[in-house]
Amino acid sequence: MSESVSHIRFVVPRFPDTSGGATVVENLMAAFRQRGITVDVVSIYPGSKNQEGASPTGADDVVTVLEREDLHRYPVSISYGPLRAAPLALFKRWDRWRRLSALRRTMATLPANSVVIYTHVLGKMMVDESGFERSPTGPLFVGQHHSSFASLDDEPWLREALPKHFADCDAFVALSDEDAASFGSLLDVPCVAIPNPAPEGRTLTTQLAKRAVALARFSHEKQIPLMVRLFAAAITVPEADGWSLAIYGDGVERPQVAEAVERSGMSTRIELAGVVDDSATALSDASLNLLTSSLEGFPMTILEAACSAVPSIAFDCSAGVRSQLENEAGYLVHSQNEDAYVAALRGAMLDDIERRRRGENARARAERYAPSRIVDDWLALTEGSRRPHRATTVVSAPQLRS
């Protein structure tokens, strides 16, 4: 079956990056290559890791479309000021045309027995704008959305963009059966569920350190200031003496997170640890992994922690979270019940035996997401989606204002 697919191309918003979505792509790339399949990436914007060195997958594997994100993502008057707006607007149009032309040529090099996986509709919008049209025997198109269906309420523009730009896809992949059914009501495309793959080669922790960690983007749906408050409340009892929290990440809400730490009165026990490229490093001496998100898809941080036998505590905010933590493979808290979260967190900190038991349950549950199993699901999907293609419809992506 895998012989029918010779090449897989991911089209992603940014890569390589420290985000969960980019981590999923890295894990899948490694697993596909183990099957002898050629894999590469088209990244719309540069990934954050580009600033720190070569891609972990190799520099030749990634083509970046718009290297000047500051120029192309926002109106130039915002990025550069009104005085420079006029001349830069002309350069922006020329540079965008040049790079979209290169993208169209890059897409045209794909062999017929290849698959293009659009991990976000932004990638498909860019390919549509380039004018690329696949032939009737051209590559398969598979769309994705790396969050729950409920996340569309947070970004209403997606309700129009997804059915418009994924209309010619041969399949759409959601992260859970529940989400696949919901996306199926929006998209006229076969929708299936394939969860994220687990990382390989993780070292088990001893869970003896009184240390909790969190790995998250500092954005509103992650609710990191809330996490700070809940952790501070949980450690007020003498029995929780010695417990600390390291929060890894960064983002637009960093000022609010820093303020929450200061207000908590626990700044000596709650650390903003910065961005970490390798989650295994952050988890190496952790005993708990915390999430306080109001929205999630199939969070990689839970899966990464589980592979090291570190149990997670999270609100029941999506089917993807639920599927990883149910049956005591962690601590699943009724959505947004803050008192219940504090109780679960405190209970986990004070009961070493129960915490280790749930960590082992998490590790055993993570085996169902082994990369080899997830790749089998992907290859079965591509085999079932072979010819004939859905009709290709060229749709112009909305232009950003200059």
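**Close-up views of a predicted model**

**View 1. Pro16 sits in the loop that links strand 1 to helix 1 (20-34).** Helices here are DSSP runs of H or I with at least four residues, strands are E runs of at least two, and both are numbered from the N terminus. The thing to look for is the peptide bond from Phe15 to Pro16: this bond is cis, and its omega is near -5 degrees. Most peptide bonds are trans.

This is a predicted model, so local features need pLDDT of at least 70 and side-chain atom pairs pLDDT 80 or more, while totals for chains, interfaces and linings use all residues. Residues count from 1 along each chain as its sequence is written, and side-chain values use heavy atoms, leaving out hydrogens and water.

**View 2. An open, parallel sheet is built from 7 strands.** Read across the sheet, the strand order is 3-2-1-4-5-6-7. Pairing takes at least two DSSP bridges between two strands. Strand 3 (62-64) and strand 7 (191-193) are the edge strands, and each has a single partner, so one side of each has no neighbour in the sheet. Going from one strand to the next, the twist averages 25 degrees (axes are lines fitted to C-alpha atoms, for helices over the stretch in contact, with angles from 0 to 180 degrees between N-to-C directions). Zoom in on strand 6 (residues 171-174) and strand 7 and you'll find them running parallel, joined by 3 bridges. There, Phe172 stands opposite Cys191 of strand 7.

**View 3. Helix 5 (residues 121-130) and helix 15 (residues 371-384) both meet strands of the sheet.** Helix 5 packs on the sheet and touches strand 1 (7-15), strand 2 (38-46), strand 4 (114-118) and strand 5 (140-144). Contact means heavy atoms within 4.5 Å. The direction of helix 5 makes about 120 degrees with that of strand 4. Helix 15, for its part, lies across strands 4, 5, 6 and 7, and runs at about 130 degrees to strand 5.

**View 4. Helix 5 crosses helix 6 (residues 158-165) at roughly 55 degrees.** The two axes come within 10 Å of each other. Helix 5 brings Val121, Lys124, Met125 and Asp128 to the contact, and helix 6 brings Leu158, Ala161, Leu162 and His165.

**View 5. Helix 9 (residues 254-264) has a buried side.** Val257, Ala260 and Val261 are buried (under 20% relative accessible area; exposed is over 50%, partly exposed in between; 1.4 Å probe, protein chains only). These three cover an arc of only 100 degrees around the axis, judged by the directions from the axis to the C-beta atoms, which puts them on the same side of the helix. Helix 8 (224-234) and strand 10 (270-274) are among the elements that cover them. Turn to the other side of helix 9 and you meet Pro255, Glu262 and Arg263, which are exposed. Next after the helix comes Gly265, with a positive phi near 75 degrees.

**View 6. Glu328 and Gln336 each have a positive phi.** Neither is a glycine, and most residues other than glycine have a negative phi. Glu328, with phi of about 60 degrees, is in the loop between helix 12 (319-325) and strand 13 (331-333). Its relative accessible area of 36% makes Glu328 partly exposed. Gln336, with phi near 65 degrees, is in the loop between strand 13 and helix 13 (338-350). At 33%, Gln336 is partly exposed too.

**View 7. Asp277 is in the loop between strand 10 and helix 10 (279-283).** Its relative accessibility is 42%, so Asp277 counts as partly exposed. Asp277 and Tyr248 are 29 residues apart in sequence, with 9.8 Å between their C-alpha atoms.
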